[in-house]
Amino acid sequence: MALLLCFSRSSRNLHRHVSLAISQSISPHLTNPSGNHCSSNSNSNKQLYIPKFHNSRFSYFNCIQVGQGYGISTSPHSFRDLEKEKRDKRPSASWIDLHLPQIVRPYAHLARLDKPIGTWLLAWPCMWSITLAASPGHLPDFKMMALFGCGAFLLRGAGCTINDLLDRDIDTKVERTKSRPIASGALTPFQGVSFLGIQLLLGLGILLQLNNYSIILGASSLLLVFSYPLMKRITFWPQAFLGLTFNWGALLGWSAIRGSLDPAIVLPLYLSGVFWTLVYDTIYAHQDKEDDKIVGVKSTALRFGDSTKLWVSGFGIACISSLALSGFNANLGLPYYVFLAAASGQLAWQIWTVDISSAPDCSRKFVSNKWFGALVFGGILMGRLSS
């Protein structure tokens, strides 16, 4: 139970009384040796003494500082609430920290193995394209889909390693990224480069299983992969460059099946992925906008500011329109457009309900894009089977 601490101050012979709630444990330095007191605890022999200050220069805020100096809470929140807030801000341990050997953990964190959303976002355009390239009335090539799934997993990890190597000076200054393995010193840049070499070699092993046209097309994406992390230092549109990089699979999946590209189908599909990326990565970038201002890096979140929802709404409309055009040119059946309508609803929901001032909500909406990708995939699959 709290004691009632009475403060009195006077100005021109008028006294104003202020009450504050304090904890039951009172420092002995605040007890009154002479017995004069403002209030007392019936369960204790010690009495709390706060004198009246007749000097008007000693304000209420001085009293607050004195109370805080002795560990007295001057906030309306209880100590329990404050402790809960502190716990909520602490990063929770992932399965990497709980189950993997200690020597492996930094590399697993470097590849973001505990955050599979990046792999999903990279894999979905590949799956869309492979399914579109299937013959009418037939299922897609599941072996090719498995191959591209592994490729997405490896390339996403390699992209994260490249990003952390190039951004290690920035990551140390951003709250969300300062604990990353290279930024925190858990891994040296040399270890990061060595790990990147292994990732790229494994990715090359997958790429070499495709036809020659696709090998050249896939290798050409490395220019985008290596240049993207630098774009945030140059332009307010790094999310556009990420879109060009992350959706390369929309081109590669078709060529892996057909041996060439059909611009009327794959270019609208590719552009739809770019617009989609502008939606979800702008939302994602709002998590770091305050730190980005301090560090001096750029993003569409900073470029759009309070107009973000209008901009991403436009990108969302362009995404759905491009998907509709690609499906029309590929002669997909009616079920495709039913699924596309559902995907439109999902995209509209995340755009209009996201709180761009709340990092947790931005993160939740960003992660929900795996369901948008799944809806589009389901539509292409059903549309192709019914065509």
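**Aromatic pairs and a ring cluster in the predicted model**

At 17% relative accessibility, W248 counts as buried, because the cut-off for burial is under 20%. The model discussed here is a predicted one, and W248 is a good place to enter its aromatic contacts. The partner of W248 is Y270, and the two rings meet edge-to-face, with 6.0 Å from centre to centre and 85° between the planes. Y270 is buried as well, with a relative accessibility of 9%. W248 sits in the loop between α12 (238–246) and α13 (249–258), whereas Y270 belongs to helix α14 (residues 263–285), so their pairing ties together parts that are 22 residues apart in sequence.

Helix α14 also carries Y280, which takes part in a pair linking distant parts of the chain: F366, in helix α19 (residues 359–367), is 86 residues apart from Y280. The ring centres of Y280 and F366 lie 5.8 Å apart and the planes stand at 65°, so this pair too is edge-to-face, because planes over 60 degrees apart fall in that class. Both Y280 and F366 are buried.

The contacts of these two residues belong to a wider picture. Y280 and F366 are members of one aromatic cluster, together with W128, W276, Y284 and F372. Across the structure, 17 aromatic pairs are found, among them W248 with Y270 and Y280 with F366.

A ring can also face a charge, as F236 shows: K298 lies over the face of F236, at 5.8 Å from the ring centre.

How values were computed
Residues are numbered from 1 along each chain as its sequence is written. This is a predicted model: local features need pLDDT of at least 70, side-chain atom pairs count only at pLDDT 80 or more; totals for chains, interfaces and linings use all residues. Side-chain values use heavy atoms; hydrogens and water are left out. Rings of Phe, Tyr and Trp (its six-membered ring) pair if their centres lie within 6.5 Å; planes under 30 degrees apart count as stacked, over 60 as edge-to-face and the rest as tilted. Helices (H or I, at least four residues) and strands (E, at least two) are DSSP runs, numbered from the N terminus. Buried means under 20% relative accessible area, exposed over 50%, partly exposed in between (1.4 Å probe, protein chains only). A charge sits over a ring if NZ of Lys or CZ of Arg is within 6 Å of the ring centre and within 35 degrees of the ring normal.
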